[in-house]
Amino acid sequence: MIFYAGEGTAMEKRDGIVVAICDDREVEREIMRGFCDGYFPGKVTYEIREYDSGEAFLAAGEEPDILLSDISMGELSGVDVKDRLLEQGSDTIVVFASYYESAPAGCTGENVMGFFSKPITPEDFAKKMDEVLQEMEARKETVTVETQEGAREIFLRSILYMKGKFRGTEIYLRDGSVIFDGTKKVDQWRQQLEEKGFFFCRRKYLLHVRYIRRIGQELKMDGGVSIRVNSREQEAALHKFADYFRRRP
């Protein structure tokens, strides 16, 4: 059974994916739908939902797996929509499309996986969706944690960092909760996770590189966590950070 981090109820798995197309021009939505209909069949079951504005998309209260969004759409831009989703803690993967020759400011960040300069070719669309589906598959990866209540399987992506303790390892999750594993030392977790985007420092911290927001004398992470490091660890963190995001789609 798979659990959301910090929750005690089973995750409800959804068959297939939901793709949202957000563009204020109907013809552009039709083109994007055509790309989807040409790419997804045979790879994954899918459902397409269309919105003619950022306001309409947000008002629907949906959290699709993928959002294909125009940038300039009236009062709320595609970047505004992306920012709102992040504020809500959404994991929706966002891909922008626009007649701009290059991505404007704001078209980057957590969960953003690309920018199409219109007109889009079917080949470019397929290449990007290959990367998106690869990322979606990686997000399903889990690890098993032994707790006093029994074994729990948690999403790797839900782990913010781990801290070694005398009798085991404290696992700090993105939702603010903490799990204690009394069966594994942090060095054992290091062996298991270091090749999966985790960085070991201060001889007892194992940090998820994905959530490091600033690297200096302190490593600042999501949630306001700061961990002081020496100059050698700082340099190693920079290399680890660059390598992690270079390998991401």
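In what order do the strands of the open sheet of five strands stand? The order is 11-10-9-13-12, and the pairing is antiparallel. The model shown above is predicted, and this sheet is a convenient place to begin reading it. Strand 11 and strand 12 lie at the edges; each has a single partner strand, so each is left with one side that has no neighbour in the sheet. From one strand to the next, the twist averages 20°.

The edge formed by strand 11 can be followed residue by residue. Strand 10 and strand 11 run antiparallel and are joined by four bridges. Within this pairing, E170 stands opposite F180 of strand 11, and Y172 stands opposite V178 of strand 11. The two strands form a hairpin with four residues between them. One residue in that turn, G176, has a positive phi of about 95°. In a regular strand, the side chains alternate between the two faces of the sheet. Strand 11 has two such faces: I179 and D181 belong to the covered one, whereas V178 and F180 belong to the uncovered one.

The next element to consider is helix 5, which comprises residues 186-193. Which residues of helix 5 are buried? They are V186, W189 and L193. Viewed down the axis of helix 5, these buried residues fall within an arc of 55°, so they line one face of the helix. The general geometry of helices helps to explain such a pattern: an α-helix has 3.6 residues a turn, so residues three or four places apart point the same way. The cover over the buried residues of helix 5 includes strand 9 (159-165), strand 10 (168-173), strand 11 (178-181), strand 12 (198-201) and strand 13 (205-208). Strand 7 (142-147) is also included in that cover.

Further along the chain, strand 15 pairs with strand 14 and with strand 16. Strand 14 (residues 212-215) runs antiparallel to strand 15, and three bridges join them. The bridge partner of I212 in strand 15 is M221. A hairpin of two residues connects strand 14 to strand 15. Strand 15 also pairs with strand 16 (residues 226-228), again in the antiparallel sense and over three bridges. Here K220 stands opposite S226 of strand 16. Strand 15 and strand 16 form a hairpin with four residues between them, and G223 in the turn has a positive phi of about 85°.

Where do the side chains of strand 15 point? Along residues 218-221 they alternate: L219 and M221 point to one face and are buried, while E218 and K220 point to the other and are not. The side chains of E218 and K220 also meet in a salt bridge, with a distance of 3.2 Å from N to O. Both residues of this pair are partly exposed, because the relative accessible area is 29% for E218 and 30% for K220, values that lie between the cut-offs of 20% and 50%.

The pair in strand 15 leads to the salt bridges of the whole model, of which the count comes to 18. In another of them, the side chains of K140 and E137 meet at 3.4 Å, N to O. K140 is exposed, because its relative accessible area is 52% and the cut-off is over 50%. A further salt bridge joins E28 to R25, with the closest N and O atoms 3.5 Å apart. The two partners differ in their surroundings: E28 counts as buried at 9% relative accessibility, whereas R25 is partly exposed, with a relative accessible area of 44%. E28 and R25 also belong to a network of salt bridges that links D23, R25, E28, D70 and K118.

The cysteines remain to be considered. A disulfide is a covalent bond between the sulfur atoms of two cysteines. How many disulfides does the structure hold? It holds zero disulfides. C36, for example, is in no disulfide, and the nearest cysteine sulfur, that of C22, is 13 Å away. The cut-off for a disulfide is 2.5 Å between the sulfur atoms. C36 is buried, with a relative accessible area of 0%. C201 is likewise buried, and its relative accessible area is 1%.

Notes
Residues are numbered from 1 along each chain as its sequence is written. This is a predicted model: local features need pLDDT of at least 70, side-chain atom pairs count only at pLDDT 80 or more; totals for chains, interfaces and linings use all residues. Side-chain values use heavy atoms; hydrogens and water are left out. A salt bridge is a side-chain nitrogen of Lys or Arg within 4 Å of a carboxyl oxygen of Asp or Glu. Buried means under 20% relative accessible area, exposed over 50%, partly exposed in between (1.4 Å probe, protein chains only). Two strands pair if DSSP finds at least two bridges between them. The arc is that of the directions from the helix axis to the C-beta atoms. Contact means heavy atoms within 4.5 Å. Axes are lines fitted to C-alpha atoms, for helices over the stretch in contact, and angles run from 0 to 180 degrees between N-to-C directions.
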